[in-house]
Amino acid sequence: MKRTKEHKLDWSGRIENKKFINILFNELTVRKAQIKKVIFQNVHFKNCFLGYNSKYSDCTFIDCRFYGKYSSLGPPSSFYNCRFVNCQFIGIDLFTGQYFYDCQLSGLMKNSILNDEHAKIINNETVFKNCDLSGLIFENVNVYGKNIFNNCILPNKGIRLFDNKDDKLIERAERYCGEIESDDKIESEVIFRKTLKQGQNPIILDELFLESFFKTENSRRIFEDIVNGYELNKKINH
């Protein structure tokens, strides 16, 4: 279906009870906005900054696509009781400086990095609280931190979950790799590096990332030996 093209728009202030259908927004910037009960259907957001100090509440995004080299859902922005139905989120920096509360997301998250809050980097964190992500597929998504998901239902597809209570899996990986002299251990050392994974429970790893990350069959075997007995059911709440 052909979309109407909108280029270099700026939104601010209150936007409420509107509906946007079949639109391509290119370089849309949203700043200091209160967006409430707005429906976006079959809308593409390309190279858009959707949340400079903005709040979305009770909004619905249906069959939408967020993409482009410069696209971001923030920063910072907050989403309250919003639904993203069969949406595509594509981009490394798309999730930087966002807070999702009581939201539901389904569709695809691809090539994204999710970070904890950092003392030296402002508006870099992503937080999901009381959210349902069960219908979301992770594809090459990297999760760095322990406070990203709070009481959430995690995706059913595209990830593997590992029990790291009290950092026991990280400690096991350190011990295991410490006994190996070959370079085949390097990939596992990177995956379970304390500065990246300490305190994260469960540890969440993207299946597509795991399929492409290991250089040799032996390096993959080392990883599988480390996580043996630590894998969790994918439907776990965290």
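The following paragraphs lead through selected strands, buried residues, a pocket and some backbone features of this structure. The model is predicted, not experimental.

The route begins with a set of parallel strands. Strand β5, which spans residues 29-36, is joined by three bridges to strand β9, residues 54-57, and the two run parallel. Within this pairing, Ile35 stands opposite Tyr56 of β9. Strand β9 is also joined to strand β12, residues 77-80, by four bridges, and here too the strands run parallel. In that pairing, Lys55 is the residue opposite Ser78 in β12. Strand β9 thus has bridges to β5 and to β12.

Ser57 belongs to strand β9. Its contacts beyond four places in sequence are Ile35, Lys36, Lys37, Tyr80 and Cys82. Ser57 has a relative accessibility of 12% and therefore counts as buried, the limit being under 20%.

Strand β6, residues 39-41, contains Ile39. In contrast to the buried Ser57, Ile39 counts as partly exposed because its relative accessibility is 30%. When residues up to four places away in sequence are set aside, Ile39 touches Lys18, Lys19, Phe20 and Thr60. A separation of 9.1 Å lies between the C-alpha atoms of Ile39 and Asp58, which are 19 residues apart along the chain.

The cysteines Cys64 and Cys87 come next. Cys64 counts as buried because its relative accessibility is 2%, and Cys87 counts as buried because the corresponding value is 0%. Why is there no bond from the sulfur of Cys64 to that of Cys87? A disulfide is a covalent bond between the sulfur atoms of two cysteines. The closest cysteine sulfur to that of Cys64 is in Cys87, 4.7 Å away, which is too far for a bond because the cut-off requires the sulfur atoms to be within 2.5 Å. Seen from the other side, the closest cysteine sulfur to that of Cys87 is in Cys64, again at 4.7 Å and too far for a bond. The count of disulfides by this rule comes to zero.

A further buried site is found in helix α2, residues 186-191, where Ser188 lies. Ser188 is buried because its relative accessible area is 0%. Outside its neighbours within four places in sequence, Ser188 is in contact with Cys177, Phe214, Ser219, Ile222, Phe223 and Ile226.

Attention now turns to the largest pocket, which holds about 160 Å³ of space. Its lining consists of Asn115, Asp116, Tyr144, Gly145, Lys146, Lys194, Thr195, Leu196 and Gln198. By class, the lining comprises two nonpolar, four polar and three charged residues. Which helix gives the largest share of the lining of the largest pocket? Helix α3, residues 194-197, supplies that share, with three residues.

Thr195 is found in helix α3 and is one of the residues that line the pocket. Thr195 is exposed because its relative accessible area, 69%, is over the 50% limit. Another lining residue is Tyr144; the C-alpha atoms of Thr195 and Tyr144 are separated by 9.1 Å, although the residues are 51 apart along the chain.

The last features concern the backbone. Most residues other than glycine have a negative phi, and most peptide bonds are trans. Against that background, the peptide bond joining Gly74 and Pro75 is cis, with omega about -10°. Pro75 is placed in the loop between β11 (65-67) and β12. A cis peptide bond also runs from Asn201 to Pro202, where omega is near 0°. Pro202 lies in the loop between α3 and β22 (203-206).

Positive phi values occur at two aspartates described here. For Asp102, phi is near 55°, and the residue lies in the loop between β14 (98-101) and β15 (104-110). Asp102 counts as partly exposed because its relative accessibility is 44%. For Asp167, phi is near 60°, and the residue is placed in the loop between β21 (159-162) and α1 (168-178). Asp167 is buried, since its relative accessible area is 14%. The two loop residues therefore fall into separate accessibility classes, partly exposed for Asp102 and buried for Asp167.

Notes
Residues are numbered from 1 along each chain as its sequence is written. This is a predicted model: local features need pLDDT of at least 70, side-chain atom pairs count only at pLDDT 80 or more; totals for chains, interfaces and linings use all residues. Side-chain values use heavy atoms; hydrogens and water are left out. Buried means under 20% relative accessible area, exposed over 50%, partly exposed in between (1.4 Å probe, protein chains only). Contact means heavy atoms within 4.5 Å. On a 1 Å grid over the protein atoms alone, a cavity is a set of points where a 1.4 Å probe fits but cannot get out, and a pocket is an open set with protein on both sides within 12 Å along at least five of seven lines; lining residues have an atom within 4 Å of a point. Grid points are joined across faces, edges and corners, and a volume is the space filled by probe spheres set on the points. Ala, Val, Leu, Ile, Met, Phe, Trp, Tyr, Cys and Pro count as nonpolar, Asp, Glu, Lys and Arg as charged, and the others, Gly among them, as polar. Two strands pair if DSSP finds at least two bridges between them.
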